[in-house]
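Here are a few short exercises to work through with the model open beside you. Try each task before reading its solution.

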Amino acid sequence: MATGRTHRPATRSRGIPEATVARLPLYLRALTGLSERSVPTVSSEELAAAAGVNSAKLRKDFSYLGSYGTRGVGYDVEYLVYQISRELGLTQDWPVVIVGIGNLGAALANYGGFASRGFRVAALIDADPAMAGKPVAGIPVQHSDDLERIIADNGVSIGVIATPAGAAQPVCDRLVAAGVTSILNFAPTVLTVPDGVDVRKVDLSIELQILAFHEQRKAGEEADAAAAAADAAATAAAAVAVVSAKAQGRSGSGSGSGSSGDGNGPDGDIPAVMPA
C-alpha cells in the first residue's frame, strides 16, 4: 500500500481554488452518508443542502473536478465519492503521528474516523518518560527522543501537534526537519514554518469565543426588540387614554345646561395631554 510520501494531491497543479478544496470534505461527508443509505443519485440542490452550501457554488466547485452531473438525473453518488476521495488523496494510506498524548492527544488517538477516511495513526509520541510504552487506543506511546526515527521508519508526512503551547514550536521544528510537510496544530499558539509546509490550526477556545460573541449579540438584539415593543405598547396606551378623555369631555358638554364650557377649555373639551 502506498504511503504519504509517494503522492501529493493534484489540486494545486489543476488550479482548484483553496476555498473549493476546503469544501470538498463537506461534500464527501454528505455523499458518504448517501452512499451508506444506498442512494444512487443526488441533485445539486439536495447535495448542497446536505453540505450546507448553495447549489450554484456546488456546481461551480464540481466543474473544477470535471463533474457536471446529468440533467434530470443529478450526480452519481458512488462516482462522486471516488472522484472527491481521489482529489483529496484519500484513495491511499496516509500515516500520521500524534505528538502530545495528554487528554486531547489521547482523544484524537481514540477517534475512529481516521481509518475510514484514509488516515492511519502510525505512532503516538510524548515527552513524558512515564508515558513510554503505555498503550493508548491500542498503540504504545513512544518517547519524543525517537521522533525523527519514527517519522523515517513510517514514511510520515502529516503530523498532529497536541502539546501545550510552549512545546508546540520546538516540536513543529523537529517534525519539519524530519520531513513532515503538513501539520495539524491543536496547540493554542501560532506556528512558524518554512515555505512548502502546510499548517492547519484548530483552536477550540477561539471557536467558543466566536460563539460567545454571537450569543451576546443575539441577547442584545432580543433586549432591543423587547424595549422597542415596550415603547410601542406605552405609546399605544397613551393614545388610547387621550382618545378616551376626549370622548368623555364631549359627552359631558352635551348633557349640561348649555353652558359654553366648564372652565377646562372651549366647548368643554378636556385639554389633550400627550406623554412627554
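**Exercise 1.** In this predicted model, find how strand β7 and strand β8 pair, and over how many bridges.

*Solution.* Start with residues 158-161 for β7 and residues 182-185 for β8. The two strands run in the parallel sense, joined by four bridges. To check one bridge, take Ile161: its partner in β8 is Asn185.

**Exercise 2.** Place these strands in their sheet and work out which strands stand at the edges.

*Solution.* First trace the order, which reads β5-β6-β4-β3-β7-β8-β9. These seven strands make an open sheet with mixed pairing. Next, look at β5 (135-136) and β9 (198-201): each has a single partner strand, so one side of each lacks a neighbour in the sheet.

Now add the helices. Helix α7 (residues 147-154) lies across β3, β4 and β6, at about 165° to β4. Helix α8 (residues 165-177) lies across β3, β7 and β8, at about 170° to β7.

**Exercise 3.** Check the span of helix α4 (residues 77-88) against 1.5 Å a residue, then describe its surroundings.

*Solution.* The 12 residues should span 16 Å, and the end C-alpha atoms are 16 Å apart, so the two values agree.

Next, inspect the side chains: the buried residues of α4 include Val77, Leu80, Val81, Ile84 and Leu88. The buried residues of this helix pack against α1, β1, α2, α3 and β2.

Finally, visit both ends. At the start of α4, a side-chain oxygen of Asp76 comes within 3.2 Å of the backbone nitrogen of Glu78. Just after the helix, Gly89 has a positive phi of about 80°.

Notes
Residues numbered from 1 in each chain as written. Predicted model: local features only at pLDDT ≥ 70, side-chain atom pairs only at ≥ 80, totals over all residues. Heavy atoms only, no water. Pairing = 2+ DSSP bridges. Contact = heavy atoms within 4.5 Å. Axes fitted to C-alpha atoms, helices over the stretch in contact; angles between N-to-C directions. Expected span 1.5 Å × (residues − 1). Buried < 20%, exposed > 50% of the residue type's maximum accessible area, 1.4 Å probe, protein only. Polar contact = N/O pair within 3.5 Å; in protein donor to acceptor, adjacent residues only side chain to side chain.
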